[in-house]
Amino acid sequence: GECGGGGGSHKRALWKWTCSAVARQTAASAGAGARHEAAVYGVFAGDLRAMLGACEGDWESSAWANFRALLDIRVDAAVEGRDPGQPGPVLLDEDDDGGGGVRGGG
């Protein structure tokens with residue numbers, strides 16, 4: 001299966017990176033509902049910035065988005081077989097370092 005063989009964390013990282021990139025592209029479009037579509041991709045990616053774009057100042061939605069992002073971090077740790085308290089790979093994009101990609105935490 002897809003989860004066997006130890007490649008799951010790499011596939012998950014690629015999936016999350018792709019969803020985050022689509023969320024950014026979608027949020028940048030001027031189409032009706034773009035921020036809500038971007039938020040859906042943000043949920044898939046654990047991308048808090050994309051999720052918060054659809055919260056419209058609603059504290060309950062913002063709280064849900066924050067906790068959802070935290071849960072995603074914990075799931076990533078479990079998939080990678082590390083202690084959730086230890087830093088893991090950090091998703092970087094052009095807003096962070098200009099290079100994009102995933103780098104190892106440490």
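The cover over the buried residues of helix α2 includes α1, α3 (48-52) and α4 (59-80), where buried means under 20% relative accessible area, exposed over 50% and partly exposed in between (1.4 Å probe, protein chains only). Helices here are DSSP runs of H or I with at least four residues, numbered from the N terminus. This is a predicted model, so local features need pLDDT of at least 70, side-chain atom pairs count only at pLDDT 80 or more, and totals for chains, interfaces and linings use all residues. Residues are numbered from 1 along each chain as its sequence is written, and side-chain values use heavy atoms, with hydrogens and water left out.

Helix α2 itself covers residues 34-45, 12 in number, and reaches 16 Å from first C-alpha to last, close to the 16 Å expected at 1.5 Å a residue; the expected span is 1.5 Å times one less than the number of residues. Tucked away in α2 are A34, A38, A39, G42, V43 and A45, each of them buried. Right after α2 comes G46, with a positive phi near 70°.

H36 also sits in α2, but H36 is partly exposed, at 40% relative accessible area. Leaving out residues up to four places away in sequence, H36 touches A54 and E56, with contact taken as heavy atoms within 4.5 Å. H36 and L52 are 16 residues apart in sequence, and their C-alpha atoms lie 9.6 Å apart.

Turning to α1, its 21 residues should span 30 Å at 1.5 Å a residue, and the end C-alpha atoms are indeed 30 Å apart. The buried set in α1 is K16, C19, S20, A21, A23 and T26. K16 counts as buried because its relative accessibility is 12%. Beyond residues up to four places away in sequence, K16 touches F44, A45, D72 and D76.

W15, also in α1 (residues 8-28), counts as partly exposed at 48% relative accessibility. Together with V40 and F44, W15 makes a nonpolar surface patch of about 310 Å². Patches take residues with over 30% relative accessible area and no salt bridge, joining like charges within 9 Å and nonpolar side chains (Val, Leu, Ile, Met, Phe, Trp, Tyr) within 5 Å. A salt bridge is a side-chain nitrogen of Lys or Arg within 4 Å of a carboxyl oxygen of Asp or Glu, and areas follow Shrake-Rupley with a 1.4 Å probe, only the protein chains shown counting as cover for residues.

As for cysteines, C19 is buried at 4% relative accessibility and C55 at 7%. The structure holds 0 disulfides, a disulfide being a pair of cysteine sulfur atoms within 2.5 Å.

Technical notes. Helices (H or I, at least four residues) and strands (E, at least two) are DSSP runs, numbered from the N terminus.
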